[in-house]
Amino acid sequence: MTVSATDSSMGNSMDATPTLDIDPLLDDPATRIIVCCGAGGVGKTTTAAALGVRAAERGRKVVVLTIDPARRLAQSMGIDELDNTPRRVKGIDETAGGELSAMMLDMKRTFDEIVEAHADGERARAILENPFYQSLSAGFAGTQEYMAMEKLGQLRARDEWDLIVVDTPPSRSALDFLDAPKRLGSFLDGKFIRVLMAPAKVGGRAGMKFLNVGMSMMTGTLSKLMGGQLLRDVQTFVAAMDTMFGGFRSRADATYRLLQAPGTAFLVVAAPERDALREAAYFVERLAAEEMPFAGLVLNRVHGSGAPQLSAERALAAAENLDEGRIVDQEAGKAGVRDSSAPSPEAESTPDPTSESHSHSQTHPTHTVEQLTAGLLRLHAERMHVLAREQRTRDRFTALHLEVAVVEVAALPGDVHDLEGLRAIADRLAANDAVEPVESA
């Protein structure tokens, strides 16, 4: 990752903020995984897709993995639907030798693939048909995050792509996959699971004796809470999965180490808003605590102005002056003052209905230049208030995190829905153009 000091004069905190250079990060062959995390609604999915497009068109073989259930990624890349299989994205400029694929995590299908790969045919069938497994694989708490780690590990092991871009779920759950190995270990080491696994480990009559003695006190209660059939399903599932539990934990630990490796880069995506940057601060601190390789902050949808030197106060004052001048100085509006050559009130009240100018004025009332100018000045004042609020929010974050490299991405006038829109976002990501500072007076 390349970080350089910024030349921006946006305040003391911004002066000390290093700039995140995206292109060197994407071009570095040592960069193998980029993980985009952040709060919901900040453009994280779009950022991940834009990074994938830019990296592919600069010569990398890229796959974008989205864990977000939204379909925006598929739509923007011109793919009808994403699933658990990487699909080649058409329309990418591959003259530099790169290519782009995209996929969406299918949690249940990923779980099924693990079972099929690590259990013999009969045992795999017993697991896949088990009702408790079907419930677990479809939506058990934490399963999505664990399966995301499994899929990331699978993609990296295939070595088919030299860059994997991961788009994570919104809000703080985006970092839940960091806890997956620990949670899985707690689950497997829990007393309940050990009791359920014991009969299968002991086997035969001894196992049945253990089951009758060791579980007799809890079976009645569990049967009432879970239902007798569900309890039997859980016991059958645990017995069938016994030989696979160690593999789950070891693979999760391996993927966790992969995320900590130098070839991984975490990007936190945020909007210049208080809540989004509060979440960003949480991500930054959590990544540091987990010793994850953090690349920097993508500050998305930053507003700018073509006339930053004109403050909101001066614009509003100018608009008020124009309004006052229009009221005081308009000669035609003064009582008793009228040009003798002007048409009579009767003539004014009975205009020619066939007149084109009359018809146009009836449907499109005219506005003076002063009115239009005053309206534009007020719009500019509103925009400058937005810019000032965003700048204060940015400055608060950077004052607390001076070491965090930042790249600001200027807001687009509309939504991104195709490859051209993704390229526009990618250009802004790589431009490193800080928004001009706003004057407070």
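How exposed is Arg58, in terms of relative accessibility? Arg58 comes out at 36% and so counts as partly exposed; the scale here calls a residue buried under 20% relative accessible area, exposed over 50%, and partly exposed in between, using a 1.4 Å probe and protein chains only.

## Ground rules

Keep in mind that this is a predicted model, where local features need pLDDT of at least 70, side-chain atom pairs count only at pLDDT 80 or more, and totals for chains, interfaces and linings use all residues. Residues are numbered from 1 along each chain as its sequence is written, and side-chain values use heavy atoms, with hydrogens and water left out.

## Asp23 and Arg58

Back to Arg58: its partner in a salt bridge is Asp23, with the closest N and O atoms 3.5 Å apart. (A salt bridge here is a side-chain nitrogen of Lys or Arg within 4 Å of a carboxyl oxygen of Asp or Glu.) Asp23 sits in helix α2 (residues 22–27) and Arg58 in the loop between α3 (44–57) and β4 (61–66), so this pair ties together parts that are 35 residues apart in sequence. Helices (H or I, at least four residues) and strands (E, at least two) are DSSP runs, numbered from the N terminus. Unlike partly exposed Arg58, Asp23 is buried, at 16%.

## Pairs within a helix

A search of the whole structure turns up 22 salt bridges. One of them joins Lys108 and Asp112, at 3.2 Å from N to O. These two are 4 residues apart in helix α5 (residues 107–118), which means about one helical turn separates them. Lys108 is partly exposed at 31%, while Asp112 is buried at 10%. Both belong to a network of salt bridges that also links Arg109, Glu113, Glu116 and Lys151.

Helix α20 (residues 419–431) holds another pair, Glu420 and Arg423, set 3 residues apart, or about one turn of the helix. Their closest N and O atoms are 2.7 Å apart. Here the acid is the exposed partner, with Glu420 at 53%, and Arg423 is buried at 18%.

## Cysteines without a bond

What about disulfides, meaning pairs of cysteine sulfur atoms within 2.5 Å? The whole-structure search finds 0 of them. Cys36 is in no disulfide, and its nearest cysteine sulfur, that of Cys37, is 7.7 Å away. Cys37 is likewise in no disulfide, with the sulfur of Cys36 as its nearest. Cys36 is buried, at 0% relative accessibility, and Cys37 is buried too, also with 0%.

Technical notes. Disulfide = S-S within 2.5 Å.
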